[in-house]
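Hi,

Here is the structure I promised to pass on. Have a look at it first, and my notes on what turned up follow underneath.

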2 protein chains.
Amino acid sequence: MTRTPPITDAEWEVMNVLWEKSPRTAMEVAEALDRHPKTVKTLLGRLVRKNVLRYREEGNRYVYSAAIPRQRYVRDESASFIDRVFGGETTPALVHFVRSSRMSQEEIDELRRILDEKAGSES
Amino acid sequence: MTRTPPITDAEWEVMNVLWEKSPRTAMEVAEALDRHPKTVKTLLGRLVRKNVLRYREEGNRYVYSAAIPRQRYVRDESASFIDRVFGGETTPALVHFVRSSRMSQEEIDELRRILDEKAGSES
DNA sequence: TTGCACTGACTACAAACGTAATCCATACTG
DNA sequence: CAGTATGGATTACGTTTGTAGTCAGTGCAA
């Protein structure tokens, strides 16, 4: 299992639009982000070099798609965030988020359900 | 209220030891992190320039303390992380964390308690 | 008192980043 | 077919980051 290469903030923006819908051309991504096409192309190129994106030639242009599922990045990025900010302790992070966020009753119930499942399965 | 200046990964490491215990000298921080003193001094200097750290002269050396409470950084950093990775949606982030983390029964209960408080107070 | 061991200040420097411009080939327009 | 617009490849460039080295002052050990 190849390690997910680190990607920067600007690259995350690009990936987010491609995870949301693939494949897309460079121009389409640039428009979705409302950023300079040249800049976007640079970022796409770097992401291809990192093997986070793949492209297919379509006529005279490339269409890009994610080569690594969003889920993997979410997992890795979450872990490194929690390491950095909460010293690797997940529960304090969760406590912080729950305390500081506005949640609807439905969302609260959803989380409770998940905690209940967990209470059953956890050793 | 001044905006919390962005700090880098290496700077977070330094801040974490100073948030944990202040004040400390450059040497003490370097030892706590087991990193090259020169490197740590550079980072301390940069953090002072960003007004994230303050120092006091103690004999011929400086002792550093955080000038911005950890809590503020945690809040800001969490928000920007959730923006980047979860598009600003906190609940999906929470669901992800709860699902993917190992938690003891006590931790699960703690979170339940907090959710209960929240259920009461939330509209 | 002399010189060394530390200190902070300043400097260095390559890699990564964000942001784009230039270059060259090709496709479309008239 | 000529000229222009567009696409990817390559190059540019100031800034930030991580990691430290050099320099000049000073307090302590011998």
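B:R54 has B:S65, in strand 3 of chain B, as its bridge partner. That pair belongs with strands 2 and 3 of chain B, which are joined by six bridges and pair in the antiparallel sense. One thing to keep in mind throughout: this is a predicted model.

The turn of that hairpin has two residues between the strands, and B:G59 there takes a positive phi near 65°.

On the other side, strand 3 of chain B (residues 61–66) is linked to strand 1 by two bridges, again antiparallel. B:T25 is paired with B:V63 of strand 3 of chain B. Put together, chain B has an open, antiparallel sheet of three strands in the order 1-3-2. Strand 1 (24–25) and strand 2 (53–58) of chain B are the edge strands, each pairing on one side only. Helix 1 of chain B (residues 9–20) packs on this sheet and touches strands 1, 2 and 3, with its direction at about 85° to that of strand 3.

Now for the DNA. Which residues come closest to DNA strand C? They are A:T8, A:A10, A:H36, A:T42 and B:R61, out of 22 residues that surround the strand. From chain A, helix 1 (9–20) and helix 3 (37–49) each give two or more residues to that surface; from chain B, helix 2 (26–33), helix 3 (37–49) and strand 3 do. By type, the surface near DNA strand C has nine polar, seven nonpolar and six charged residues.

The two protein chains also touch each other: 32 residues of chain A and 32 residues of chain B take part in the contact. On the chain A side, helix 1, helix 4 (70–86), helix 5 (90–100) and helix 6 (105–121) each supply at least two residues. Helix 5 of chain A gives the largest share, 10 residues. The chain A side of this contact divides into 15 nonpolar, nine charged and eight polar residues.

A few words on chain A as a whole. Six helices and three strands make up its secondary structure, and from the N terminus the order is α-β-α-α-β-β-α-α-α. The C-alpha trace of chain A spans about 55 × 30 × 25 Å along its principal axes. Its radius of gyration is 19 Å, whereas a compact globule of 123 residues would be near 14 Å. Of the 123 residues in chain A, 22% are buried.

Cheers

Definitions and conventions:
Residues are numbered from 1 along each chain as its sequence is written. Chains are lettered from A and ligands numbered from 1 in the order in which they are written. This is a predicted model: local features need pLDDT of at least 70, side-chain atom pairs count only at pLDDT 80 or more; totals for chains, interfaces and linings use all residues. Two strands pair if DSSP finds at least two bridges between them. Helices (H or I, at least four residues) and strands (E, at least two) are DSSP runs, numbered from the N terminus. Two residues are in contact if their C-beta atoms, placed from the backbone, lie within 7 Å. Axes are lines fitted to C-alpha atoms, for helices over the stretch in contact, and angles run from 0 to 180 degrees between N-to-C directions. A residue is near a molecule or strand if its C-beta atom, placed from the backbone, lies within 6 Å of it. Ala, Val, Leu, Ile, Met, Phe, Trp, Tyr, Cys and Pro count as nonpolar, Asp, Glu, Lys and Arg as charged, and the others, Gly among them, as polar. The radius of gyration is taken over C-alpha atoms; the globule rule is 2.2 Å times the number of residues to the power 0.38. A residue is buried if 20 or more other C-beta atoms lie within 10 Å of its own, exposed if 12 or fewer, and partly exposed in between; C-beta atoms are placed from the backbone.
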